[in-house]
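Biologist: I am new to this structure and should like to be guided through it by questions. Would you kindly set it before us?

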Amino acid sequence: MSKYLVVVESPAKANTIKKFLGSQYKIKASMGHIRDLPKSRMGVDLENNFEPQYINIRGKADLINELKKEAKAAKKVFLATDPDREGEAISWHLAFLFGIKDDEKCRITFNEITKNAVKNAIKEPRVINSALVDAQQARRVLDRIVGYKISPILWKKVKKGLSAGRVQSVATKMICDREYEIEGFIPEEYWHIEAVLSKSKSAKSFVARFYGSNNKKIELTNKEQVNVILKAIEGKEYIVNKIKKGEKKRSPAAPFTTSTLQQEASRKLGYSTKKTMMLAQQLYEGVNIKDEGSVGLVSYIRTDSTRISEEAQNEAKEFILQKYGQDYLPQKSRVYKNKSKSQDAHEAIRPTHVNFTPDSIKESLSRDLYRLYKLIWERFIASQMENALYNTLSVDISAGEYLFKASGSEIKFKGFMALYVEGKDEDNHNDEDKEAALGNMPLLEEGEKLVKNKLEANQNFTQPPSRYTEATLVRALEEKGIGRPSTYAPTISTIISRGYVDREKKQLYPTELGKIINELITHHFDKIVNENFTADLENQLDEIEGGSTVWKQIIKDFYDNFEPVLEKAENEIGNVELPVEVSDVICEKCGRNMVVKTGRYGKFLACPGFPDCRNAKPIVEEAGVNCPKCGNKVIIRKTKKGKMYLGCEKYPECDYMSWDKASDIKCEKCGNFMTMKNKGKNIEYKCSSEACGHTIEKERKKQEDKDE
């Protein structure tokens, strides 16, 4: 019989921990939260010092009874939920259900699910941290008050099903503000003058760009200005004035925090923040590895710290030394500076076992898990490697009184870049990207005269700022101190699922509904979407966690200002007419043009004659191919969970369907279209006709893999 009970959140985590503890320990999963505020009402007593009214979560009665029975039978209970505010709160609720006293040492935490970490935690249980619990309660109650007070106003004045939230409203506003900035952008003219030069007419040429005069930069803003300069240098000799050779270092990026992992997974793998966190959670809780069983592959994945343990650092050093050699190890171990707002409660995200290289466990991981693990593993190892070194060359070239500049660089020593290079956002490219390869620059001498092969003046116009991607939005939220690492993914998912924001080719843009809701909230609830106010609230939550502030006082201060604003908004906001998107599809029942509506599973077509005419149908996206069974059109359908598949438009009369994508390749044997799916480094094309079944494979282009 088991003497000890260990409670974690998930079965995967339970399976991983089970390996490290003997038969005297029983490991059970709470399946996340077991008590929460009720969904059907506010659940916060506004008249009684904002006391939360927790209830057992519906559907978990049997699980709760089972856990209580196990806890009663156990000699000691260990609560091993995640090491953050949310995990502390789950343990607090479990302790309440089990009747565990406040001063009992029942709480254990570990930053990674490894044998040493788990066994050491069991040896040193502590009492539940009430300050951490209070910080979680404060956030939960604040968000509940905002959501349950503003949302009914939106239902009444706009339409049912809408919601407002403290962080989601700020994120929506940022996306709307960026869109207004783009719409109101006035392009400004600017020019470049480039000279294509060489040592002689037959020699290899290089490009020098106009800089200015007397070592002062001149901004070229119109054609007249350019023409004056072109006329002044006409017929002038191009002479090498100064050559400067140098060396440049490039340092590796720090190990991942939650936000930098979300950003990099978006840039390099095309993953949404939601997908990244779902996969990262699996890697943390444990994945079945061949011959090893369930293994927690990465450290805790909700962190804003770049700190790593000395043990992990030494493991990385040993690996680098064996794999790459002494030259790739820096003389001093790298220490990365945390941002000032970092809580530093946990280490950075890193592999728990460096020797589990991505390729050594590839066959045990799904493709998505492998790609994310590879990203985390390579980023961590690279963060402990030596700098990359570049040879650089800068050349000043005179043409009369004017100055041109040319520069180039080449890698002298790869250092960390032998393994990993950080990705860049579309709006974050610098002049380094425009440098010529040093190998393209000829050997020049000061005083040398050059041959002008071509002189070009190019007109350009400034571009509006880029729309946010999930990566750049996460970066902006973090920089402004809005939300915390654990809130970014659910915030972005919520504003998309509510129909406030759409995503197209990674870019986020506001819908008409999003703009209307943002305008209402910005006008009537300015504090809720005020970035400084929201960031200050986050700081106050940190103060609660630190034990220096009473959580209910923060709620009271907030609500005392919020209540009169609510009353005013209720009286001032009139009924809002939402714009209707009319389609060109005719309702076959009454002849009206059908309109686009948004429901639980996305957009659909509905008859505007409701309730007299209740006709509705899905929005059909044609695949551009014909059904191999009946010859009618093939359309792209979606499951309730949003997974796309191909199906015949005549379903159910014709039952053709495929989970693969349609391609524009025709089967060479029967002439039907071929479907396509990824298969390792190749794409497998298969005839859509089951009777034929002809398949071919082609190598996948790198860009396709990147965009996937």
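The exchange below takes up strands, buried residues, cores and backbone details in turn.

Biologist: Before we begin, what kind of model is this?

Modeller: Local features are described here where pLDDT is at least 70. The model itself is predicted.

Biologist: Which residue of β15 is the bridge partner of Gly212?

Modeller: Strand β9 covers residues 206-213, and β15 covers residues 402-413. These two strands pair in the antiparallel sense over four bridges. Within β15, the partner of Gly212 is Leu403.

Biologist: Which residue stands opposite Gly212 in β10?

Modeller: Strand β10 consists of residues 216-217. Its pairing with β9 is antiparallel and runs over two bridges. Opposite Gly212 in β10 stands Lys217.

Biologist: Which residue stands opposite Glu194 in β9?

Modeller: Strand β8, residues 189-198, pairs with β9 in the antiparallel sense. Four bridges link β8 and β9. The residue of β9 opposite Glu194 is Arg209.

Biologist: In the hairpin of β9 and β10, which residue takes a positive phi?

Modeller: This hairpin has two residues between its strands. The positive phi, near 55°, belongs to Asn214.

Biologist: Is Glu88 buried or exposed?

Modeller: Glu88 is found in helix α3, which spans residues 85-98. A residue counts as buried under 20% relative accessible area. Because the value for Glu88 is 1%, this residue is buried.

Biologist: A polar contact joins the side chain of Glu88 to that of which residue?

Modeller: Leaving aside neighbours within four places in sequence, Glu88 is in contact with several residues, including Thr81, Asp82, Arg107 and Ile128. Arg126 is also among these contacts. The polar contact, of 2.8 Å, is between the side chains of Glu88 and Arg126.

Biologist: How many disulfides does a search of the whole structure find?

Modeller: A disulfide is a covalent bond between the sulfur atoms of two cysteines. The cut-off for such a pair of sulfur atoms is 2.5 Å. The number found in the whole structure is zero.

Biologist: Which cysteine has the sulfur nearest to that of Cys667?

Modeller: Cys667 is buried, with a relative accessible area of 4%. Cys667 is in no disulfide. The nearest cysteine sulfur is 3.7 Å away and belongs to Cys692.

Biologist: Which helix gives the most to the largest nonpolar core?

Modeller: In soluble globular proteins, nonpolar side chains tend to be buried together. The largest nonpolar core here has 68 residues, and Phe110, Leu283 and Leu372 are among those with the most contacts inside it. The helix that gives the most, with 10 residues, covers 367-383 and is α11.

Biologist: How many residues does the other core have?

Modeller: This other core lies apart from the largest one. Its members include Tyr54, Val146, Val167 and Leu513. The number of residues is 54.

Biologist: Which are the edge strands of the open sheet formed by β28, β29, β30 and β31?

Modeller: The order of the four strands is β28-β29-β30-β31, with antiparallel pairing. An edge strand pairs on one side only, as do residues 661-666 and residues 695-699. The edge strands are β28 and β31.

Biologist: Which residue of β31 stands opposite Tyr685?

Modeller: Strand β30, residues 682-687, pairs with β31 over five bridges. The sense of that pairing is antiparallel. Opposite Tyr685 stands Ile696.

Biologist: Which residue is joined to Pro611 by a cis peptide bond?

Modeller: Pro611 is found in the loop between β22 and β23. The cis bond has an omega of about 10°. The residue joined to Pro611 is Phe610.

Biologist: Is Lys505 buried or exposed?

Modeller: Lys505 is found in the loop between β18 and β19. Its phi is near 50°, a positive value in a residue other than glycine. Because its relative accessibility is 77%, Lys505 counts as exposed.

Biologist: Asn49 is not a glycine; what is its positive phi?

Modeller: Asn49 lies in the loop between β4 and β5. Asn49 is partly exposed, with a relative accessible area of 44%. Its phi is about 55°.

Key
Residues numbered from 1 in each chain as written. Predicted model: local features only at pLDDT ≥ 70, side-chain atom pairs only at ≥ 80, totals over all residues. Heavy atoms only, no water. Pairing = 2+ DSSP bridges. Buried < 20%, exposed > 50% of the residue type's maximum accessible area, 1.4 Å probe, protein only. Polar contact = N/O pair within 3.5 Å; in protein donor to acceptor, adjacent residues only side chain to side chain. Contact = heavy atoms within 4.5 Å. Core = buried A, V, L, I, M, F, W, Y, C linked by side-chain atoms within 4.5 Å.
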